[in-house]
Amino acid sequence: MLSPLQKAGVLTEALPYIQAFYDKIVVIKYGGGAMVDPALEELVLKDVILMKLIGMKPVLVHGGGPMINHWLERLDIRPEFIDGLRVTDEVTMEVVEMVLAGRLNKGIVSRIQGLGGRAVGLCGKDGGMIRARRVEGDRDLGLVGEILSADPGLIQTLIDQGFIPVVSSVAAGQKGESLNINADTMASALGGALRAHKLVLLTDVEGIFLGEGDGRRLASSLLAAEIPGLIASGALTGGMIPKAKGCLEAVEQGVENVHIIDGRQPHALLLEIFTKEGIGTWVKKAD
Ligand SMILES: Nc1ncnc2c1ncn2[C@@H]1O[C@H](COP(=O)(O)OP(=O)(O)OP(=O)(O)O)[C@@H](O)[C@H]1O
Ligand SMILES: [Mg+2]
């Protein structure tokens with residue numbers, strides 16, 4: 001336990017970081033694999049509430065891969081992914097929407113409320129936040145959406161009213177159909193549209209690993225421009241593909257601080273924000 005004087009010292013040491021982040025929008029993507037432990041989730045949500053109360057403007061975007069898979073399996077549907085995107089037929093889309101925009105989104109909201117924060121849950125359909133269309137490619141992904149534009153108005157209103165927006169990555173397509181959007185893609189687009197100061201993607205690995213065999217290491221930083229090459233070479237696979245593409249897009253839209261960090265680590269968010277070193281992988285615009 002810290003003595004009262006030590007506690008005061010810790011708080012004072014945090015002052016420059018609190019000043020640097022005061023009034024700044026921080027978009028946080030909270031990913032599926034890192035969401036499954038309730039005790040850990042409570043720490044993440046407490047970190048977000050703390051950030052809010054010391055003057056930052058956190059926006060939470062969540063995924064939910066494992067819980068969607070759990071419900072699909074109960075319906076005897078086998079999850080299928082192509083380049084990190086979930087192949088989404090109509091029944092899968094119904095499950096995605098029920099799980100993401102329903103149970104998960106409202107669960108996070110009520111847990112934030114239970115911890116004394118104020119949160120509002122929404123998805124890309126609310127207030128016309130996300131305009132999307134079906135992804136077209138060599139292989140049909142079904143009801144997977146790509147974002148045409150993001151309107152930050154509703155989220156900004158909620159931030160201005162003192163709420164923590166909690167966003168699930170479901171949106172409407174051009175014919176009003178529900179589309180499944182990768183949550184990293186959604187977080188990056190919102191980060192750009194909100195002119196966020198920082199985008200933090202909490203996931204289930206320490207960050208981006210590069211290299212082969214014994215030489216495989218966590219990249220503590222990476223140039224955004226390197227990402228297309230890393231995808232083409234196969235260095236990034238699965239869910240890391242949309243995640244890294246999202247980082248590139250956020251950087252291109254002017255988000256200066258883009259980080260992929262390990263959401264399994266207790267207080268990962270605070271470690272990233274309140275230490276000079278930071279953790280995980282920092283995706284930079286330039287050296
Ligand atoms: N080079 C790489 N470095 C690190 N992880 C990688 C790399 N290439 C692929 N991955 C994979 O990317 C995964 C993270 O993306 P994934 O989509 O599975 O999780 P998430 O985005 O946090 O959760 P969700 O998709 O449910 O929101 C890692 O668990 C890892 O298996
Ligand atoms: Mg993912």
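## Exercises on a predicted model

In strand 16, Thr 281 is the bridge partner of Ile 260. The model used in these exercises is predicted.

### Exercise 1: The sheet

Task: Start from strand 15 and strand 16, and work out how many strands form the open sheet and in what order.

Solution.
1. Strand 15 covers residues 257-262 and strand 16 covers residues 281-284. Three bridges join them, and they run antiparallel.
2. Now take in the whole sheet. Eight strands form it, in the order 5-8-2-1-11-15-16-14. The sheet is open and its pairing is mixed.
3. Find the ends. Strand 5 and strand 14 (221-223) are the edge strands, since each pairs on one side only.
4. Add the twist. From one strand to the next, it averages 20°.

### Exercise 2: Strand 8 and its partners

Task: Find which strands pair with strand 8, and decide whether its residues are buried or exposed.

Solution.
1. Begin with strand 2 (residues 57-62). It pairs with strand 8 in the parallel sense, over three bridges. One residue pair to locate is His 62 with its bridge partner Ser 168 in strand 8.
2. Move to strand 5 (residues 119-123). Five bridges join strand 5 to strand 8, and the two run parallel. Here Gly 121 stands opposite Val 166 of strand 8.
3. Check the cover. Strand 8 spans residues 164-168, and five of its five residues are buried.
4. Sort the residues by direction. Ile 164, Val 166 and Ser 168 point one way. Pro 165 and Val 167 point the other way. Both groups are buried.

### Exercise 3: Helix 4

Task: Compare the span of helix 4 with the expected value, then find where the kink is centred.

Solution.
1. Helix 4 runs over residues 90-114, which gives 25 residues.
2. From first C-alpha to last, helix 4 reaches 34 Å. The value expected at 1.5 Å a residue is 36 Å, and the two are close.
3. Look for a bend. A kink of about 30° is centred on Val 99.
4. See what helix 4 lies across: strand 2, strand 5 and strand 8. It runs at about 165° to strand 5.
5. Step past the end of the helix. Gly 116, just after helix 4, takes a positive phi of about 95°.

### Exercise 4: Helix 8

Task: Test the span of helix 8, and explain why helix 8 counts as largely enclosed.

Solution.
1. Helix 8 (residues 240-252) has 13 residues, so at 1.5 Å a residue it should span 18 Å. Its end C-alpha atoms are 18 Å apart, which agrees.
2. Ten of the 13 residues are buried, so helix 8 is largely enclosed by the rest of the structure.
3. Among the buried residues are Met 240, Pro 242, Lys 243, Cys 247 and Val 251.
4. Helix 8 is followed by Gly 254, with a positive phi near 100°.

### Exercise 5: Val 44

Task: Place Val 44 in its helix, and list what it touches beyond four places in sequence.

Solution.
1. Val 44 sits in helix 2 (residues 38-53).
2. Its relative accessibility is 8%, so Val 44 counts as buried; the cut-off is under 20%.
3. Leaving out residues up to four places away in sequence, Val 44 touches Tyr 30, Leu 202 and Leu 269.
4. Compare sequence and space for Val 44 and Ile 261. They are 217 residues apart in sequence and 12 Å apart, C-alpha to C-alpha.

### Exercise 6: The aromatic pair

Task: State how many aromatic pairs are counted, and describe the geometry of Tyr 17 and Phe 274.

Solution.
1. The count comes to one aromatic pair.
2. Tyr 17 and Phe 274 lie edge-to-face, at 6.3 Å centre to centre with 70° between the planes.
3. The pair links distant parts of the chain, 257 residues apart. Tyr 17 is in helix 1 (residues 4-21), and Phe 274 is in helix 9 (residues 268-274).
4. Tyr 17 has 24% relative accessibility, so it counts as partly exposed. Phe 274 has 19%, so it counts as buried.

### Exercise 7: Positive phi without glycine

Task: Locate Asp 23 and Asp 76 in their loops, and give the phi of each.

Solution.
1. Recall the background. Most residues other than glycine have a negative phi.
2. Asp 23 is not a glycine, yet its phi is positive, about 70°. Asp 23 lies in the loop between helix 1 and strand 1 (25-30). With a relative accessible area of 46%, Asp 23 is partly exposed.
3. Asp 76 also has a positive phi, near 65°. Its loop runs between helix 3 (65-74) and strand 3 (81-82). At 74% relative accessibility, Asp 76 counts as exposed.

Technical notes. Residues numbered from 1 in each chain as written. Chains lettered and ligands numbered in written order. Predicted model: local features only at pLDDT ≥ 70, side-chain atom pairs only at ≥ 80, totals over all residues. Heavy atoms only, no water. Helix = DSSP H or I, 4+ residues; strand = E, 2+ residues; numbered from the N terminus. Buried < 20%, exposed > 50% of the residue type's maximum accessible area, 1.4 Å probe, protein only. Contact = heavy atoms within 4.5 Å. Expected span 1.5 Å × (residues − 1). Bend = angle between axes of the 7 residues up to and from the residue. Pairing = 2+ DSSP bridges. Axes fitted to C-alpha atoms, helices over the stretch in contact; angles between N-to-C directions. Phe/Tyr/Trp six-rings, centres within 6.5 Å; stacked < 30°, edge-to-face > 60°.
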